[in-house]
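This report describes the architecture of a single chain. The sequence and the model are shown below, and the description follows under short headings.

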Amino acid sequence: MTRERSRRRLRRRDRNALIAASLTALSLTASGCVVVHGEREVLPASTRAEAAKALTAFTDAYNKADKAYDSSLDAPYVTGAVADIDAARLKAGRVNSPSGNPRHTPLALTDVKFTIPKKAGWPRWFVADARGNKGGNYRWVLVFTRGDLDERWQVAYLTLMTPGTVPEFKKDEDGWAEAVPADTTRLAVRPDKLSETYADYLKHGGKTFADGRDTSGLRAARAKEAKKPGLVRQFIDEPLNHGAYAPLALRTADGGALVFFTTRHFEKRTAYTGATVPIPNKDVQALVKGEVKQSLTMESIANEAAVDPAGSGPVRMLGRAWGLTSAQGE
């Protein structure tokens with residue numbers, strides 16, 4: 001066989017294979033069987049039925065873990081800041097009450113509203129907004145995320161908001177919401193810069209955030225604490241933007257966005273010579289490593305929700321849930 005005849009035969013074989021592949025694709029499309037690439041297609045993050053199942057699974061796991069003071073029971077259902085805060089809370093509870101939570105009341109979430117964005121790529125996520133029977137008259141706002149189709153839905157953000165403050169979201173004709181890119185420059189603060197901007201605000205102040213309990217109020221409370229005699233209090237605030245702590249943003253009806261983001265905080269209390277540092281409570285004591293002699297450093301994680309307006313204007317904090325994650329005595 002000549003070299004030219006071999007080349008012609010190879011070209012025919014390749015052409016026949018291409019035709020066969022095209023006919024197969026056409027047949028699949030005509031029959032209604034279509035392969036969808038989730039990393040490229042703009043699709044709803046979840047069905048509403050699937051979102052409801054995810055909320056039920058989380059609530060059941062949360063209640064089991066809270067009753068037993070056992071973080072292993074809900075660890076598969078939480079991630080990011082929620083996982084850090086919950087694990088430390090349950091650890092302290094187990095230290096102080098090894099037989100379980102004597103004050104356990106099952107969490108019940110009612111009047112649930114799901115906001116599910118359409119987006120391409122992973123992670124996919126959605127928001128559940130519900131009335132809770134714990135923590136007073138607040139709406140529990142939870143953000144569920146997952147990084148792959150085979151993964152379990154996990155709660156990455158959980159904040160409490162007063163009724164009527166959850167904003168109206170932009171939705172299409174089918175009721176699907178719009179996810180906002182973290183690097184967009186069409187908001188007062190880029191979502192992926194909001195954690196850093198908030199940490200800087202707590203240190204220096206400014207006009208980026210509207211006055212409120214978690215902004216000017218928190219700064220004032222810290223200043224007041226610093227003036228109390230007998231102890232020196234120092235605060236350090238750090239942004240958290242990576243992995244499970246990455247910000248997530250939903251377009252609001254007015255063109256802005258509701259942004260969920262995370263920060264880390266340290267408070268160091270140092271006593272004057274000859275004095276001792278009082279430990280705030282038994283839950284803090286349960287997490288202390290080392291011996292508290294002259295100083296106590298407490299680390300906490302906070303997850304926040306804020307309305308980031310389009311264009312310019314102050315960012316308005318709607319919710320901030322935080323919890324102690326560790327403590328070090330010296």
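Which residues of β5 are buried on one side, and which on the other?

## A strand covered on both faces

On one side of β5 the buried residues are Arg-139, Val-141, Val-143 and Thr-145, and on the other they are Trp-140, Leu-142, Phe-144 and Arg-146; both faces of the strand are thus covered. Since 8 of the 8 residues of β5 (residues 139-146) are buried, the strand is largely enclosed by the rest of the structure.

Strand β5 has pairing partners in β4 and β6. With β4 (residues 124-132) it runs antiparallel, and 8 bridges join the two. With β6 (residues 154-161) the pairing is again in the antiparallel sense, over 7 bridges. Trp-140 of β5 has a residue opposite it in each of these neighbours: Ala-130 stands opposite Trp-140 on the β4 side, and Leu-160 stands opposite Trp-140 in β6. The hairpin of β4 and β5 has 6 residues between its strands, and within this hairpin Gly-135 takes a positive phi near 80°.

## The model and its confidence

The model is predicted. The chain has a mean pLDDT of 90, and 88% of its residues reach 70 or more. Over residues 1-38, however, the pLDDT is below 50, and this stretch has 11 contacts in the model beyond near neighbours in sequence.

## Overall composition

The chain contains 6 helices and 13 strands. It has 330 residues, of which 42% count as buried. Among the contacts between residues at least 6 apart in sequence, 67% join residues at least 24 apart.

## Helix α4 and its surroundings

Helix α4 spans residues 194-204, and its buried residues are Leu-194, Ser-195, Tyr-198, Ala-199, Tyr-201 and Leu-202. Viewed down the axis of α4, these buried residues fall within an arc of 155°, and they therefore line one face of the helix. The general geometry of such elements is relevant here: an α-helix has 3.6 residues a turn, so residues three or four places apart point the same way.

The cover over the buried residues of α4 includes helix α5 (216-226) and the strands β8 (231-240), β10 (257-271), β12 (295-308) and β13 (316-329). The face of α4 turned away from its buried side carries the exposed residues Lys-203 and His-204. Just after the helix, Gly-205 takes a positive phi of about 80°.

## Packing of α2 against α3

Helix α2 (residues 48-68) packs with helix α3 (residues 80-96) at an angle of about 30°, and their axes are 9 Å apart. Angles under 35 degrees count as roughly parallel, and α2 is therefore roughly parallel to α3. From α2, the contact is made by Tyr-62, Ala-65, Asp-66 and Ala-68; from α3, it is made by Asp-86, Arg-89, Leu-90 and Arg-94.

## A three-stranded open sheet

An open sheet of 3 strands has the order β1-β3-β7, with mixed pairing. Its edge strands are β1 (43-44) and β7 (177-178), each of which pairs on one side only.

Strand β1 and strand β3 (residues 117-119) run antiparallel and are joined by 2 bridges. Leu-43 has Lys-119 as its bridge partner in β3.

Definitions and conventions:
Residues numbered from 1 in each chain as written. Predicted model: local features only at pLDDT ≥ 70, side-chain atom pairs only at ≥ 80, totals over all residues. Heavy atoms only, no water. pLDDT = per-residue confidence, 0-100. Contact = heavy atoms within 4.5 Å. Buried < 20%, exposed > 50% of the residue type's maximum accessible area, 1.4 Å probe, protein only. Helix = DSSP H or I, 4+ residues; strand = E, 2+ residues; numbered from the N terminus. Arc of directions from axis to C-beta. Pairing = 2+ DSSP bridges. Axes fitted to C-alpha atoms, helices over the stretch in contact; angles between N-to-C directions. Parallel < 35°, antiparallel > 145°, perpendicular 65-115°, else oblique.
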